[in-house]
Amino acid sequence: MGTTTTTIEDAKRNAANAAVAAHFDPSARYIGIGSGSTIAFVVEAIQALADPRIASINFVPTGYQSRQVILNAGLKDTKFDSLPTNTLIDVAFDGADEVDEDLNCIKGGGACLYQEKIVATHAKKFVCVADHRKLQPRLLTKWPSIPIEVEPLAARAVLSALEELGSEKPQIRASSMQKAGPIKTDQDNFIVDAPFKTLLLPKDILKSKSLYPAHEGVQGEGEDGVWEVEKLAREIKEIEGVLSVGLFFGMNGEEVLAKGGKKGGQKPVAAYFGMEDGSVVVRRKGEGETKINV
């Protein structure tokens with residue numbers, strides 16, 4: 001008997017169905033809706049529940065496109081800056097361009113990283129939904145670059161600063177339309193795509209001699225262009241003119257709240273990946289990966 005291969009669209013749908021089944025609460029007040037291509041399937045899965053309480057939920061978009069998904073589904077749209085003071089979003093669903101073993105994410109392929117990060121860090125938990133291509137051991141394994149939102153006036157200076165950090169040929173993202181110039185974000189900024197070498201995790205630094213025999217004692221601080229995720233993210237954010245960096249790292253929302261914090265975190269509490277065989281792989285902190293047969 002031959003092996004059935006699931007299409008990318010079906011893989012996204014399977015991941016969305018599993019994530020919604022595990023994390024969506026029809027009694028929630030606020031739900032974040034991200035900008036990734038997978039998120040349309042999250043909204044579809046929420047609609048399929050046919051729960052009348054859904055009509056009372058405020059859905060918070062991460063940009064113009066996700067707002068259109070919400071409105072087209074007949075759901076209630078609430079802008080982030082309309083949230084009551086000190087109110088947290090119950091759960092934010094969003095995609096990612098790549099996710100590593102520690103649940104660090106690259107986001108920004110759709111040029112919405114700034115609003116995506118705002119919503120994620122003001123949610124009790126962020127749940128990532130993606131297909132199998134995004135499931136990787138380290139960031140920048142397959143995805144080629146880090147998206148960075150940059151104020152246009154500072155763009156050239158930012159490109160130069162990124163090269164000093166070890167990025168090879170960072171570029172301002174161009175529009176797909178000829179003669180349209182650079183892509184503009186919802187904040188009217190540019191996106192710079194900065195390639196770097198595959199990013200390390202803290203546990204890699206402890207084994208640096210075996211991983212990088214030519215660079216004994218590597219600390220992931222830019223030696224020969226080798227960076228650890230969080231260290232690089234913080235260095236880029238310090239560049240004047242950078243609004244947001246498409247690296248989501250640190251604690252997740254549940255961890256922040258458990259420590260007495262009043263906001264959420266950048267990392268997802270879990271990431272759901274639709275696989276080629278029709279299953280869904282779930283990656284959670286400290287639990288490794290589990291497989292759900294759909």
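**Two cores in one chain**

The protein chain carries 35 positive and 40 negative side chains, and the centres of the two sets lie 3 Å apart. Keep in mind that this is a predicted model.

Start with the overall build. The chain forms nine helices and 17 strands. Along the principal axes, its C-alpha atoms fill a box of roughly 60 × 50 × 45 Å. Is the fold compact, and what does the radius of gyration say about that, compact globule or not? For 294 residues, a compact globule would have a radius of gyration near 19 Å. The protein chain has 19 Å, so the two agree.

Now look at how the chain packs. Buried residues account for 52% of the 294. Take the contacts between residues at least 6 apart in sequence: 70% of them join residues at least 24 apart. On the outside, the chain exposes about 14100 Å². Carbon and sulfur atoms supply 50% of that area.

Next, find helix H2, residues 39-48. Its buried residues are Ile39, Phe41, Val42, Val43, Ala45 and Ile46. What covers them? The cover includes helices H1 (8-23) and H3 (64-72). It also includes strands S1 (30-33), S2 (58-61), S4 (91-94) and S7 (126-131). Just after H2 comes alanine 50, with a positive phi of about 55 degrees.

H2 leads us to the largest nonpolar core, which has 30 residues. Phe24, Ile31, Val42, Phe59, Phe93 and Tyr272 touch the most other members. Several elements give two or more residues to this core: H1, S1, H2, S4, S7, strand S15 (270-274) and strand S16 (280-284). H2 gives the most, with six residues. Zoom in on valine 42. Leaving out residues up to four places away in sequence, valine 42 touches Ala16, Val20, Phe93 and Val129.

There is a second, separate core of 28 residues. Among its members are Ile146, Leu162, Val245 and Leu247.

Finish at proline 147, in strand S8, residues 146-150. Is proline 147 buried or exposed? Its relative accessible area is 0%, and buried means under 20%, so proline 147 is buried. Its contacts, apart from neighbours within four places in sequence, include Ile106, Leu113, Arg173, Ile191 and Val245. Gly108, Gly109 and Gly246 also touch proline 147. Aspartate 97 is 50 residues away along the chain, yet its C-alpha atom is separated from that of proline 147 by 10 Å.

Conventions. Residues numbered from 1 in each chain as written. Predicted model: local features only at pLDDT ≥ 70, side-chain atom pairs only at ≥ 80, totals over all residues. Heavy atoms only, no water. Helix = DSSP H or I, 4+ residues; strand = E, 2+ residues; numbered from the N terminus. Rg over C-alpha atoms; globule rule 2.2 N^0.38 Å. Buried < 20%, exposed > 50% of the residue type's maximum accessible area, 1.4 Å probe, protein only. Contact = heavy atoms within 4.5 Å. Areas by Shrake-Rupley, 256 points an atom, 1.4 Å probe, with all protein chains shown as cover. Lys, Arg positive; Asp, Glu negative; His and termini not counted. Charge placed at Lys NZ, Arg CZ, Asp CG, Glu CD. Core = buried A, V, L, I, M, F, W, Y, C linked by side-chain atoms within 4.5 Å.
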